[in-house]
Amino acid sequence: MENRCDVNGVNKASCYLNSERKQSRSPSAIVIGGGFAGIAAAHALKNASFQVVLLESRDRIGGRVYTDHSFGFPVDMGAAWLHGVCKENPLATWIGRLGLPIYQTSGDNSVLFDHDLESYALFDADGRQVPQELVQKANKVRHETTEDMSVAQAIALVLERDPDLRQEGLANNVLQWYLCRMEGWFATDADNISLKNWDQEVLLPGGHGLMVRGYRPIINTLAKGLDIRLSHRVTKIVRGKKGVEVTVNNDKSFFADAAIITVPLGVLKAKSIKFEPRLPEWKEAAIDGIGVGVENKIVLHFDKVFWPNVEFLGIVSSTSYGCSYFLNLHKATGHPVLVYMPAGRLAQDIEKMSDESAAKFAFSQLKVILPDVTEPIQYLVSQWGRDENSLGSYSYDAVGKPRDLFERLRIPVDNLFFAGEATSIKYTGTVHGAFSTGLMAAEECRMRVLEKYGDLENLEMFHPSMDEEAASISVPLLISRM
Ligand SMILES: Cc1cc2nc3c(=O)[nH]c(=O)nc-3n(C[C@H](O)[C@H](O)[C@H](O)COP(=O)(O)OP(=O)(O)OC[C@H]3O[C@@H](n4cnc5c(N)ncnc54)[C@H](O)[C@@H]3O)c2cc1C
């Protein structure tokens with residue numbers, strides 16, 4: 001470890017991969033971040049005979065996938081759904097191989113997440129239905145203007161032009177509740193969501209399914225055998241002709257041919273990692289321009305089930321901020337658990353509270369609809385917006401910003417490769433999106449490094465999308481729906 005590395009003519013006392021590389025001439029890479037993108041990338045590069053070290057700031061892997069077991073059964077505090085329960089889903093092979101059951105919460109072709117009305121119990125009955133016309137007119141505004149505007153502005157414009165569509169009382173409340181669901185999908189308020197781009201991602205067929213045993217088994221399987229350094233927070237990345245030098249918080253440095261950066265967009269926005277030389281302007285513009293929102297989970301564990309047997313319990317209100325919903329985990333897992341899921345400004349406001357106050361707030365919402373509820377026996381609260389390792393839940397299309405920013409975030413800079421949900425053009429904000437970008441970055445990195453080594457023979461040998469074993473076995477998914 002005392003050998004001296006040289007990235008750009010600067011000597012450093014401590015490095016990791018360089019000495020081994022010089023002896024064996026085997027290509028090397030540093031993967032930064034141990035979420036789905038990072039683990040997928042490291043797994044793929046290891047299979048391609050790279051020396052790989054993965055640096056992760058937390059004391060656990062998984063990132064925004066975190067399956068908690070403190071209730072004695074799995075509860076996903078981050079991602080919980082597989083969006084697109086079908087064999088085309090990049091994660092289907094792994095889920096099938098591990099025999100993980102999936103509980104389907106909505107059918108095919110749902111335009112917005114879980115918009116399957118049979119699954120809901122909306123309280124305050126006797127409402128008039130929100131006319132479908134309103135939605136169609138909002139879509140018309142979108143195609144009429146070249147200027148982008150927010151979804152909230154588009155709705156206001158439609159109502160201004162056609163006041164007959166204005167809803168009063170309960171019908172308006174139901175409309176607000178739909179907006180609240182949309183805000184949950186994008187983790188931000190409707191006045192931040194781009195009208196032009198909000199639905200440009202690809203929805204895989206098969207509807208949405210909850211991972212009944214959590215996402216953890218997949219990430220643990222992918223991580224097997226990898227050299228993962230936990231509690232290693234990257235603070236500086238220096239790129240040069242000979243390679244990349246990555247420094248962590250204890251000043252230790254790692255050196256390799258290339259690096260794959262998978263830290264969340266919120267972390268890149270916060271500029272807590274210093275790049276030398278500075279990233280090009282187009283990359284910085286992509287980091288600034290893509291939105292990142294907040295969605296959280298407040299999980300309430302009761303001693304018994306006292307609520308109706310539906311997938312969601314919703315509360316409607318005259319503003320989307322006042323609306324909310326609980327996911328009924330009992331349907332999927334058999335455990336008496338409700339998950340309150342605030343998003344956008346509401347989630348940020350709740351993050352200012354202590355965990356105990358946040359749990360009390362969620363419980364008070366439940367009391368609105370079920371006045372005789374008993375207190376929860378346990379609770380869990382996530383704070384993805386405040387956590388310095390995520391600084392947000394997932395990315396969204398901000399108003400007035402081109403959709404190609406996601407691609408620009410992905411495009412490599414010299415020997416730095418970028419992956420993670422916010423670099424996925426097709427599957428932005430999802431686990432399978434993060435996973436796919438990790439594989440893609442690994443493949444690009446492999447090609448670039450082997451080219452540099454002049455090792456063209458090996459360029460064709462590795463399967464880009466998944467390892468050979470996984471690719472050759474197709475196992476049907478275990479899907480249930482009560
Ligand atoms: C509440 C919530 C619900 C969600 N629900 C769903 C869902 O149901 N289905 C779905 O598909 N997706 C869902 N998502 C989105 C999904 O979780 C993410 O898109 C995906 O997990 C992101 O993976 P990633 O690898 O890009 O990033 P991450 O998982 O965030 O991984 C990045 C890693 O980088 C690490 N890191 C940060 N800073 C540093 C540093 N300086 N040095 C080293 N390491 C660092 C982090 O600790 C983290 O482990 C949800 C997210 C949240 C928060």
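Which residues are exposed on the other side of α9?

## Helix α9

In this predicted model, the exposed residues on that other side of α9 are E281, W282 and D288. Set against them are the buried residues of the helix, which spans residues 281-289, namely K283, A286 and I287. These buried residues lie on the same side of α9, because the arc that they cover around the axis is only 100°.

The buried residues of α9 are covered by elements that include α8, at residues 265-270, and α13, at residues 405-410.

## The annotated position Y340

An unreviewed UniProt entry places the feature "binding site" at Y340, and that annotation may be inferred rather than shown by experiment. Within the fold, Y340 belongs to strand β21, which covers residues 337-340.

Y340 counts as buried because 24 other C-beta atoms lie within 10 Å, where 20 or more is the cut-off for that class. When its neighbours within four places in sequence are left aside, the residues in contact with Y340 are I298, L300, S324, F326, A362 and Q365.

## The chain as a whole

The chain holds 15 helices and 25 strands, and 46% of its 482 residues count as buried. Among the contacts in the chain with a separation of 6 or more, 74% are accounted for by residues that stand 24 or more positions apart.

How values were computed. Residues numbered from 1 in each chain as written. Predicted model: local features only at pLDDT ≥ 70, side-chain atom pairs only at ≥ 80, totals over all residues. Buried ≥ 20, exposed ≤ 12 C-beta atoms within 10 Å, placed from the backbone. Helix = DSSP H or I, 4+ residues; strand = E, 2+ residues; numbered from the N terminus. Arc of directions from axis to C-beta. Contact = placed C-beta atoms within 7 Å.
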